[in-house]
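Let's take a walk through this structure, one stop at a time. Keep the picture open as you read.

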Amino acid sequence: MKFGLRVLRGGLIAASIMVAMPVAATVTAALVSTAASAQTAASIAVEGNRRVDVETIRSYFRPGPSGRLDQGNIDDGLKALIETGLFQDVKINQGGGRIVVSVIENPVIGRIAFEGNKKVKDDQLTAEIQSKPRGTLSRPMVQADASRISEIYRRSGRYDVSVVPEIIEQPNNRVDLIFTVSEGQKTGVKQIEFIGNNYYSSYRLKDIIKTRESNLLSFLASGDIYDPDRVEADRDLIRRYYLKNGFADVQVVAALTEYDPDRKGFLVTFKIEEGQQYRVASVDFQSTISTLDANSLRAFSRVNVGSLYNAEALEKSVEEMQIETSRRGYAFAIVRPRGDRNFEAHTVSIGFAIEEGPRTYIERINVRGNTRTRDYVIRREFDVSEGDAYNRALVDRAERRLKNLDFFKTVKVSTEPGSSSDRVILVVDLEEKSTGDFSVSGGYSTTDGALGEVSISERNFLGRGLYAKASVQYGQYARGLSLSFVEPYLLDYRVALGLDAFYREQLSNSYISYNTKTIGFSPRLGFQLREDLSLQLRYSIYQQQISLPSAYANCNNLLPASSGLNTPGSLNAQGLLTNPDGTTNFGCYSDGESSLPVRRELANGKSLTSMVGYTLNYNTLDNNKNPTDGLFLEWKQDYAGVGGDVSYLKSTFDAKYYTPLVADIVGLLRVQGGMLNKVGQDIRMLDHFQMGPNLVRGFAQNGIGPRDISYMALGSNGDALGGTKYWGASAELQMPFWFLPKEVGIKGAVYADAGGLWDYQGPTSWAQTGENQSFKAGSSGNGVCTPASRTSVGTCNGMTYDDGNIVRSSVGVGLIWQSPFGPLRFDYAVPITKGQYDRVQQFKFGGGTSF
């Protein structure tokens, strides 16, 4: 990078210099020491000053104890005047018993402008430089500003930047300062290598770090842009990953970066010394506090004998034990972990020593750098306040909470000495970042068709730590809007209050025959019981209404006498009652017809659902977006019947277990199930579970379970009725494509699914239309309508449906792409076992993006 400085006199004359030089001061002095010593500061004559008054200039010449100036005082005054940056030139003439200070003042900056900057806005550059309009021009400061502008571009990955400052003189000793920027191209990371990694492959470690290699789609992201701070942070991520997985001696010795001019990018190399992998041999607890039983803290330890050494679990154990001792009244107790390695057996013995620490109190908590976020939003993350005992574990927890807020670029909590030896001051240094998001997203799936969404959200609304979001969706088959608001600290308690209002519209398609409109409101309360355990309580109230396309509601099921069907006839091959002339009068069914439960719901009009529920969630996943290890458990229950028109109890369970296997292959086991119980009144069809590829891949949406088959022989598809019970199990292996660059983000999957949905308990007959009896496929007798009894109008004319408890199963392959356009997944699955009337869809695709 090169800097040039051009001084344009009259706007035309320029002189370029490559290195900033200090202001030259020419001193013409008749070195007459006796003359100098005979003068006082008040007798100094000043020439050439316009803005700086005479007394100010004289004040820089400070006489000695005698009140007279000697040559040393004059030299010191000269240096001090130069260092002010107010003058272009300073001359001191001594002679004839006089001291004359001649100055040429630096011009005043009238205007600062930037040219050529497209990637960084003027406002951002203006805030970073020290030169200001109406301030004095300082050439060293101008060069420093040019360097600062270049540094800003380097941070955004543009190392080929060139910044040339230009000074244009104007009348009245004023100048305009112009910074001309040549931005250059982004400088990416062309290659990432790891040296010394024997246990974990380079492919796996690239998942851990934030820096990415450049590829064809890098323009959609910024992870491939070289950032030295990010590379340094990656060193710590690698180290912590090894420490979490048993490598107690690991060292990431260096992160070497080298610019390759041929490839026009950086080569990054991480040098790792793994050491041995250790397991925990024993866990001991000792206390030097006589009234505290150390073994009583064993329940708060996350370190188990026989497990891999895990530094993260060790840190959390220390934190929880220290917090527990504080709760028991030992405010100054300190928990110190100790690890004794057995290098031959590759084990480590863990010991926790609880002892009395120094009696130190928090004098003050100073918060710095929060220009937008309110102080109380930051302070409420601390479980300690001013005047409390200093507890390092609680301070570390507060720092972690502040980082997790995602309001700040950097968070650092440090201590400073207080007013006495037993007092400390906590200093919270922050750098804020943008917390608002505006996104336009689009996607397509074989189930929902095309879908677009526009949303705006703010994670730190009004600087009060509130979350607010508004979104509008419009798609081929699904439309709606939603408003969300979250107060994370309700009444200053660590309880989150959420409010959601929504409107959804689902249109009929090849999977369902009816349209659904839903409008509702749902308040909720969230409790973080532990870092891995959370509870949500909620209340939901919504109004639902269905409608039908004309083609699906054009058959008169209450047949008049003139239809000709009041005369006994015979059954045709489809089991339908025929006229004596062989006609059926069922032509209206050839284009489809909605099922009896749908038409009943349509006749009932709008329905109101009022329900309460809760969700208990246990989550130890290492990454919520792309997990490779950990367990996720979710138990949900909802009771409808707190007022409203419907009542039921719905319970669901979902469990996912991820584990790394060999060669970067990740295993996934999933088990899920649910049950819908009748409470009082009958259950609507709309409240049943509907299942498809969300249970067993290879089937269409709503393609599994009970189905209306009354008029399938006449061309009607038959609505999925849903069931009150379901179960599902899946086993999946996810593996990378080793022949593709890691940054492409593509991996494959093979899987096997099994599950079932059964026990429809909704309406099957409707006296108002004469559909009095129903026929369940595979059943007979006891008043159930069978084909043999369908000989006359008024009997055996209800709904015929299939409801077999059949195990559906499939095997398939998938392609998972963590693309810049958002997560995409392609699945091709082949059913092995299925019901007679199930609907198959072997290929499924879904995904979307925000931009």
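Helices (H or I, at least four residues) and strands (E, at least two) are DSSP runs, and they are numbered from the N terminus. With those labels in hand, remember that what you're looking at is a predicted model. The protein chain holds 11 helices and 35 strands. Of its 851 residues, 43% are buried. Take the contacts between residues at least 6 apart in sequence: 61% of them join residues at least 24 apart.

Let's start in a loop, the one between strand E6 (162–170) and strand E7 (174–182), where you'll find Asn172. Is Asn172 buried or exposed? Asn172 is exposed, because its relative accessible area is 68% and the cut-off for exposed is over 50%. Its backbone deserves a look too. Most residues other than glycine have a negative phi. Asn172, though not a glycine, has a positive phi of about 60°. Another non-glycine residue with a positive phi is Asp759, with a value near 70°. You'll find Asp759 in the loop between strand E30 (746–758) and strand E31 (775–776).

Next, head for strand E9 (residues 251–260), home of Leu256. Leu256 counts as partly exposed, because its relative accessibility is 48%, and partly exposed covers what lies between the 20% and 50% cut-offs. Who does Leu256 touch, once residues up to four places away in sequence are set aside? The answer is Leu267, Val268 and Thr269. Leu267 sits 11 residues from Leu256 in sequence, and the two C-alpha atoms are 8.0 Å apart in space.

Now for a pair of helices. Two packed helices are described by the angle between their axes and the distance between the axes. Here the pair is helix H8 (residues 311–327) and helix H10 (residues 392–405), whose axes come within 8 Å and cross at roughly 125°. That angle is why H8 is oblique to H10. As for handedness, H8 passes H10 in a left-handed crossing. Which residues meet there? From H8 come Glu319, Gln322 and Ile323, and on the H10 side they meet Arg392, Ala393, Leu394, Arg397 and Arg400. Sorted by class, this contact has four charged, three nonpolar and one polar residue.

Further along the chain is helix H11 (residues 596–604), where Leu596, Pro597, Val598, Arg599 and Glu601 are buried. What covers these buried residues of H11? The cover includes three strands: E23 (533–547), E24 (607–619) and E28 (707–708). H11 is followed by Gly605, which has a positive phi near 80°.

Our last stop is Thr628, in the loop between E24 and strand E25 (630–640). Although Thr628 lies in a loop, Thr628 is buried, because its relative accessible area is 15% and buried means under 20%. Leaving out residues up to four places away in sequence, Thr628 touches Asp622, Tyr658, Thr659, Pro660 and Val666. With one of these, Asp622, Thr628 also shares a polar contact of 2.5 Å between side chains.

To finish, look back at the two loop residues whose exposure we checked: Asn172 is exposed, whereas Thr628 is buried.

Technical notes. Residues numbered from 1 in each chain as written. Heavy atoms only, no water. Axes fitted to C-alpha atoms, helices over the stretch in contact; angles between N-to-C directions. Parallel < 35°, antiparallel > 145°, perpendicular 65-115°, else oblique. Left-handed = near helix turned anticlockwise from the far one by under 90°. Contact = heavy atoms within 4.5 Å. Nonpolar A, V, L, I, M, F, W, Y, C, P; charged D, E, K, R; others polar. Buried < 20%, exposed > 50% of the residue type's maximum accessible area, 1.4 Å probe, protein only. Polar contact = N/O pair within 3.5 Å; in protein donor to acceptor, adjacent residues only side chain to side chain.
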